[in-house]
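Here are some worked exercises to try with the structure open beside you. Have a go at each task before you read its solution.

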Amino acid sequence: MNVLIADDDADLRELVSIAVLKAGFTVTAAVGTGTEAWATLQGSDIDLAVLDISMPGMTGLEVTRLARAEPGLERLVVLIITADGSVTIGAEAEGAGANGLLTKPFQVRELVRLLREHAPAGR
Amino acid sequence: MTERSGTEATAGTFGSWPPLLKHGAALTGFALATLILVSPMDIAAVVWPVVVADALVLAAAVFAIVLPRTALPPRWEIVIPIVTFVAVALLRTATGGQLSPFGALMIIPVVWIASQPGLRYVLISFAGVLGVVAVPFLVGISSVSVAADVARLVFTPAVFAIAAVLINQIARVQNDRLVRLQKLGLERDRLVQSLEDSTREALRRQEQTLEAARLRDSVWEAITGHAIIGTDLDGTVNVWNRGAVSLLGYSSTEAIGRLDILDVHPRYNEARSALRAGTDAPEQSDWTYARKDGTTFPAHVLVTERFDEDGDPAGFIFVATDETEATELQRLKDEFTSLISHELRTPLSSILGYVELLRPEDDFDDPMTDQQLKYLDVVDRNARRLLQLVGDLLFTAQVGSGRFTIEPVPTSLNSLVRAAVDTARPSADEAHITLSVVTPDDDVPATVDPVRIGQALDNLISNAVKFTPRGGSVTIGLESAPGAARLIVADTGIGIPADEVARLSERFFRASTATQHAVKGVGLGLTITKAIVTAHAGTIDIDSTVGAGTTFTVELPL
């Protein structure tokens, strides 16, 4: 189970990595920009991406949209993490094609639960 | 009085001539008679009566000059013709009595006296003539025969009396006519006066109207920040102010009669038909307006239906304000808000996340000391407080920018109250404050935003707990009222001074009792609560006594 983590905040990247490890998955890549995230995803064997929305280069939502249109990434699971507390953000994330949404600040155990819940079967 | 007005009324007739002018006839007559007497015609005459007669006539002339300058009433002028009668009598007697060639002078005083209004002047004339005719007879001067003299004595006064009556009547008729004419004249003067008055009034009104028009024009010209556009019912522009010229780029001549409102206000059709349905309140909305050069700008538009004098719809008035700057400002505010949101929440996420990781779990086998756990609690609690503050700040920023919206759904207020009390229970227990709940057995349903109303209740209850000393109590009530539901949070706390109650919902305002008792907080809780209640069209009532407690009553319409 290969996981990509993208967040411009290094400490949060680390926190998410810990959660991924706790969930029993592998952190394949941890990047700080949307551009790097998209470059990593293309042609990779990533199963799940945890993307922050607000990142330099591209937003997590843009990366999600690109991934949804990319052949070969149909089975990618996308979890969005955001500091945006607005009411409409859930609908926006869903519209972009995300599988789940977590609002900052989040509990580590909540993220672990979400990761396990959305893990693609059979891997 | 009647006589006076009669005298006044005869102004312009013989009666109103100055006495000297009237006397002119007698003066001329006597001068002529005197000239004849001194001429070589050799008419027999006794000199002294003639001199006296002339003196009398001259004296009468002096009286005629003096009379208007004295305080004597004008009717005294009758003395002059009477004196003239005496003079005629003297002259006639002195020049041969009945045979005198100067008897005709009698006509002069007769005319004067008889022309006075009133038949008694006819009698005076008659008496005068009788006197003049009788004098020679009395002094023994006779003529041809006694019978002829007697006949003359009767006949002459009679004829003169008839003449006097005629003169009197002619004078009266003329006088009446004059009075009528004068009345007509007065009437005409009044008409002319009122015509002049109304002309002046009309001019004054016109001046006022012009003044008002000038004022209106200057006000109209001064409106450059708003585009004011008028249209007829079909949407053809018929009013285009300077603001419209500068905001939209079309000149008045290009716009009036040629432009359709849809050229500058795209897609107005639907709104127009809605307006036609007959709402008299102006419709306010934000639109994108199109300029002549094709560029657009955000506009706040107020549309009002315009009516003609008969009250029938005549068209519409559009008042548009350029919102470019306001929109830009709003965008900056939003940007700032989301920056704060992101920049503060991200480090807080790390703090809370790592604190969570530090806490011992089943699969962590290096438990911390109790001391360390206590410190960790402090970090956790403070991070959460900071997070709450960030949330509150964001919320008030949203309320301030008018972008705070609620999502009402059918909700059971009873369960909202129960949830809020459960949330407050731990802190109340810790502060040794009794929490009691009074709710009706029946469900009180309402269509509210459950998250927001829950937040408002949390705020009110946590406030009540915060401001109530150890051992006090907080009662949370729910009541059903006609058309409304009431949420009541009453405490036995420190209270709020009366003059501060009204300021409670101001942002960052804190009651003096709160600061004195060192109760923590920044003063946003009630601002938020008020905003939530207001968004639900509800009201908050605060009843407080310092030292006794405070009761907040929230009324929500159902």
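**Exercise 1. The interface**

How many residues of chain B are in contact with chain A, and how many residues of chain A do they touch?

Before we start, some ground rules: this is a predicted model, where local features need pLDDT of at least 70, side-chain atom pairs count only at pLDDT 80 or more, and totals for chains, interfaces and linings use all residues. Residues are numbered from 1 along each chain as its sequence is written, chains are lettered from A and ligands numbered from 1 in the order in which they are written, and side-chain values use heavy atoms, with hydrogens and water left out.

Step 1. Count the contacts, meaning heavy atoms within 4.5 Å. On the chain B side there are 16 residues, and they meet 19 residues of chain A.

Step 2. Put an area on it. The size of an interface is often given as the accessible area lost when the parts come together. Here the buried area (accessible area, 1.4 Å probe, that two parts lose on being put together, summed over both) is about 1,500 Å². Carbon and sulfur atoms give 58% of that area.

Step 3. Find the big contributors. His342(B), Tyr354(B) and Glu356(B) supply 33% of the area that chain B buries against chain A, more than any other three residues.

**Exercise 2. Charges and polar pairs across the interface**

Which side chains meet in a salt bridge between chain B and chain A?

Step 1. Get the rule straight: a salt bridge is a side-chain nitrogen of Lys or Arg within 4 Å of a carboxyl oxygen of Asp or Glu.

Step 2. Apply the rule. The count between the two chains is 1 salt bridge, and the partners are Glu356(B) and Arg109(A), at 3.9 Å from N to O.

Step 3. Look for polar contacts too (a pair of N or O atoms within 3.5 Å; within protein, one must be able to donate a hydrogen and the other to accept it, and residues adjacent in sequence count only if both atoms are side-chain atoms). The interface has 6 residue pairs of this kind, both residues at pLDDT 80 or more.

Step 4. Ask where the chain B side comes from. Helix H12 (residues 324-358) of chain B gives the largest share, 12 residues. Helices (H or I, at least four residues) and strands (E, at least two) are DSSP runs, numbered from the N terminus.

**Exercise 3. A salt-bridge network in chain A**

Which residues are linked with Lys104(A) in a network of salt bridges?

Step 1. Take one partner. Lys104(A) pairs with Asp7(A), the closest N and O atoms being 3.6 Å apart. Lys104(A) lies in the loop between strand S5 (100-103) and helix H5 (108-118), and Asp7(A) in the loop between strand S1 (2-6) and helix H1 (10-22), so the pair ties together parts that are 97 residues apart in sequence.

Step 2. Take another. Lys104(A) also meets Asp52(A) in a salt bridge, at 3.4 Å from N to O. Asp52(A) sits in strand S3 (residues 48-52) of chain A, so this pair ties together parts that are 52 residues apart in sequence.

Step 3. Put them together: Asp7(A), Asp52(A) and Lys104(A) form the network.

Step 4. Check the surroundings. Buried means under 20% relative accessible area, exposed over 50%, and partly exposed in between (1.4 Å probe, protein chains only). Lys104(A) counts as buried at 1%, Asp7(A) as buried at 2%, and Asp52(A) is buried as well.

**Exercise 4. A salt bridge within one helix**

Where do Arg384(B) and Asp380(B) lie?

Step 1. Locate them. Both are in helix H13 (residues 370-400) of chain B, 4 residues apart, about one turn of the helix.

Step 2. Check the pairing. Their closest N and O atoms are 3.1 Å apart, in a salt bridge.

Step 3. Compare exposure. Arg384(B) is partly exposed, at 40%, whereas Asp380(B) is buried, at 13%.

**Exercise 5. A serine in helix H6**

Is Ser125(B) buried or exposed?

Step 1. Ser125(B) belongs to helix H6 (residues 120-138) of chain B.

Step 2. With a relative accessible area of 1%, Ser125(B) is buried.

Step 3. Leaving aside neighbours within four places in sequence, Ser125(B) is in contact with residues including Phe85(B), Val110(B) and Ala164(B).

Step 4. A polar atom of the Ser125(B) side chain lies 2.9 Å from the backbone oxygen of Tyr121(B).
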